[in-house]
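Welcome, and please open the structure in your viewer. We will go from one selection to the next, with a short look at each stop.

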Amino acid sequence: MSAERPAAVIVLAAGEGTRMKSRTSKVLHELCGRSMLGHVLAAARALEPERLVVVVGHRREQVIAHLERAGASPRPEPVVQERQGGTGHAVRMALESVGELRGTVVVTNGDHPLLRGETLAELVRVHEGDGNAVTVLTTEMPDATGYGRILREEDGSVSAIVEHKDATEAQRSVREINVGMYAFDGALLADALKRVTTDNAKGEEYLTDVVGILRHDGHRAGAYLTPDWVETQGVNDKVQLAQARRQLNDRILEAHMRAGVTIVDPATTWIDVEVTAEPDAVVHPGTQLHGRTHLAEGAEVGPGCTLTDTSVGADARVVNSVSTGAEIGPEVSVGPFAYLRPGTRLARKAKIGAYVETKNAEVGEGSKVPHLTYVGDAEIGTGSNIGAACVFVNYDGVDKHRSVVGDHVKVGSDNMIVAPVTIGDGAYTAAGSVIVQDVPPGAMAVARGRQRNIEGWVERKRAGTPAAEAARRASGRDRGE
């Protein structure tokens, strides 16, 4: 088995995670668009393993359901650890479930969301290049208190892993620590696990004991020391979750900036791991980009935007707005304070202005919906204008219906477009109209009651009010005229 294709990656995700104080499984807490477990699976898949095995235990129903939605290849295979018997026990359960594994087997943890696929790949490369039976992933911590220390022979091989509480003062001065991830020879791992005992304070089977067993058998134990200690940190509570989220977001932002994206204020910008952006895109302060949002070249987003699964075309501008599942075309203007809902498609140079909401709506090239309007289940053609305070009335209480507005249409302010209805090309509608019938091309639709003025009504019916006094002054009657 080559270093690029290990026999399996085994992810340990059975822990209870009591310090999270949550009804959600520890490994399913999210950061930057993925669960912790999702980030680990992504790192594991970078190795293209033959098999991807996830050991589950506490809240297994949640985790298994999550794995069923994980997609990609290879699909994760859940293995249930009925009894929490330690890390060695978890790996033994995995091997007994999936059968013989010949080649390199990588073991990692489901609560290390900062782990990089490149780090696991280097672990495998060192493991196979040095001909080790086991290779331990290690790092050097600024403060190694509480961590197991790595002791090495003169040739660089690992002689022992000593827990902090058992270490001498000299051993505690060692900064290289065990991260808790390994690459094993699959056959040797299976044999050694059968000999791991529970002769310890917790009565559990420890995976670290395998290192000593393999060395006792005459096999070489090695280590790969990763220079970035931050990515080796696990998450055990929501304080650490927030820290990991910040660290991962900083990593994502740096990658985008080095690729040519302008991020004006990284401290207030949050971008999910699957977001993509082209050079010269600009992200202004207070912006969140979620899901599979994409920014094309020259697109500007923010300040104060939240975009989810939204594509923003070249040189488009989105300001102080929220969008989910929308397609914003090139040179489009959106906002401020617009709300684009799923199914919104805005063609080149369209405009969605202040306090406009759209849903399942297509707005054609150069068309404008400038302000205070709801456009739901509608199609607007090219070069049309929708006046202020219009509503596309799409719901009859049972079903949704669709309206069509043609090219170069002028819809007056305060119109109700009651679906299903079609307004033909070049037509106009008068302000204040309730459009319930189709409007032919080029027609003017007027659908409102005739205005009637009742002279003197306020002075007669509201005598003594400020309005009546104002009316009297305006009429000149208070001067005897």
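Start by selecting Val334, which touches Arg317, Val318, Val319, Ser321, Ile328, Leu340, Leu346 and Ile352, leaving aside residues up to four places away in sequence; contact means heavy atoms within 4.5 Å. This is a predicted model, where local features need pLDDT of at least 70 and side-chain atom pairs count only at pLDDT 80 or more, while totals for chains, interfaces and linings use all residues. Residues are numbered from 1 along each chain as its sequence is written, and side-chain values use heavy atoms, without hydrogens and water.

Next, add Val312, Ile328, Leu346 and Ile352 to Val334: these have the most contacts inside the largest nonpolar core, which has 55 residues. Such a core is a set of buried Ala, Val, Leu, Ile, Met, Phe, Trp, Tyr and Cys residues joined through side-chain atoms within 4.5 Å, where buried means under 20% relative accessible area (1.4 Å probe, protein chains only).

Now colour helix 8 (238–258), strand 27 (351–363) and strand 28 (368–380), each supplying at least two residues of this core. Helices (H or I, at least four residues) and strands (E, at least two) are DSSP runs, numbered from the N terminus. Which element gives the largest share of this core? Helix 8 does, with five residues.

Apart from this core lies another, of 34 residues, including Val55, Val91, Leu95 and Val136.

For the last stop, select Phe337, in the loop between strand 24 (333–334) and strand 25 (339–340). Phe337 is partly exposed (from 20% to 50%), with a relative accessible area of 43%.
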